[in-house]
Amino acid sequence: MGTALLKLPLAVHAPLSWGEALFTATSAVTVTGLVVTDTGPSFSIWGEAVILVLMQAGGLGLMTFAVLALLSLGGRVRGRRYLVASTPYNETHPRDVIRTAKAVVKLALVIEGIALVPLALVWVPEHGWLQGLWWSLFHTVSAFNNAGFTLSPDSLMAYAGNPVINMVIPALYLIGGLGFIVVIGILDYPRSRQLDINVKVVLFGTLVLSVMGAAMIYMLESDNPATLAALPGLSDQLWASWLQATTPRTAGFNSLDISALTQPTSLVLMLLMFVGAGANGTGSGIKVATLFVLLAATWAYLRRRSQPTLFSQAIDTTTLLKALAVAVMAVLGIFMGTLALSMTEDADLLTVAFEATSALGTVGLTQGLTTELSGGGQVIIMVMMFVGRVCPLTVAYLVGSAFASSRDSMQSELQIG
């Protein structure tokens, strides 16, 4: 549907091929942000509105499914008054889908509405009322859903030192990346006075990765005349380091020239893209909790402990195996994507690997390869974006459902006996 709408003459300023329309629609609905043609110059207001709807539907749709998958697999959500009560066997009814979707959409619209105001204070004086408000709305939706689409050809490079942009945009994609369940857990804290282990891990992991990433980017790029060294002052450099360290967590915005980054910085960004965001958020990647489960298991092994723990809570074998499976699938996916792109594209290995990691993590950062992709390369990236978006959660849901069905069957047999 997105492809067909983007092919309409009123959606573009210049003719768009079917391949370019399909790539743009896929990137938007998987909230990736990789583009083969610049969004602002290429699309009319109608085309940009189609992309906005696709981003919102893709981000909130998967967030809703993530919540329902957790409930269906027997998970628990603190602050359940925001959702519906599950049945004894954790079955999901149509009314559960509708109510959960309403709760997710309501929360998203409130957050986006609040963020719209400070962004309008920046872009309305710059572009006028209509265009300024449209820029604010478009970037608000893009940021909250971790999509990374912008209306400027250079993303946010023109606002590398702007404190409002560098606070509001990261706040949006970090909140979206945390996920509905984590946000609800935080909102419920004043009443319950306790945080779920998942909330603790995601919040702690996000803080650690963001701060360490920003520090590493600043140290690695502060002497690079093509990136941080070109900015006028220390505050601008720190803001740029902050945004560039947090955006690889599947958001895809950039305030520095990605193609001009040093190789060590590119590797740091690839690691952050590989990790991604929270398990029930609008981002992808192997997820923050997965990384910290694996780190806890590694630490337990090094200390010769039989039971890994996180925040004094034991990690069971099933959780550890799930984390390991997700990480292995991601590594294999990146390897296969890099191998395929190496055969179709004339680019160095780092550029190709960076593109593959960005696509599978649905991040949207590129070192310039996206616009140069061959037809085969575009197909590979579209497949990777789609797989990176829906595959891990779907596999987990299907496997968990199979176990749930087996459990229910065993319970029925016991009752009959």
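**Pocket, cores and two residues in a predicted model**

User: How do the residues lining the second largest pocket divide into nonpolar, polar and charged?

Analyst: This is a predicted model, where local features need pLDDT of at least 70, side-chain atom pairs count only at pLDDT 80 or more, and totals for chains, interfaces and linings use all residues. Residues are numbered from 1 along each chain as its sequence is written, and side-chain values use heavy atoms, without hydrogens and water. Ala, Val, Leu, Ile, Met, Phe, Trp, Tyr, Cys and Pro count as nonpolar, Asp, Glu, Lys and Arg as charged, and the others, Gly among them, as polar. The lining then divides into eight nonpolar, 15 polar and three charged residues.

User: Which lining residues are the closest to the centre of the second largest pocket?

Analyst: A pocket is an open set of points on a 1 Å grid over the protein atoms alone, where a 1.4 Å probe fits, with protein on both sides within 12 Å along at least five of seven lines; lining residues have an atom within 4 Å of a point. There are 26 lining residues. The closest to the centre are Val-35, Asp-38, Pro-153, Asn-254 and Thr-366.

User: Which helix gives the most to the largest nonpolar core?

Analyst: A nonpolar core is a set of buried Ala, Val, Leu, Ile, Met, Phe, Trp, Tyr and Cys residues joined through side-chain atoms within 4.5 Å. The largest has 48 residues, with Met-55 and Phe-149 among those with the most contacts inside it. Helices (DSSP runs of H or I, at least four residues, numbered from the N terminus) that each supply at least two residues include H4 (45-72) and H5 (94-127). The one that gives the most, with nine residues, is H5.

User: Is Thr-246 buried or exposed?

Analyst: Thr-246 lies in helix H11 (residues 234-246). Buried means under 20% relative accessible area, exposed over 50%, and partly exposed in between (1.4 Å probe, protein chains only). Because its relative accessibility is 0%, Thr-246 counts as buried.

User: Which side chain makes a polar contact with the side chain of Thr-246?

Analyst: A polar contact is a pair of N or O atoms within 3.5 Å; within protein, one must be able to donate a hydrogen and the other to accept it, and residues adjacent in sequence count only if both atoms are side-chain atoms. The Thr-246 side chain also reaches the backbone oxygen of Trp-242 at 3.0 Å. The side-chain partner, at 2.6 Å, is Tyr-173.

User: Is Met-219 buried or exposed?

Analyst: Met-219 belongs to helix H10 (residues 197-221). With a relative accessible area of 59%, Met-219 is exposed.
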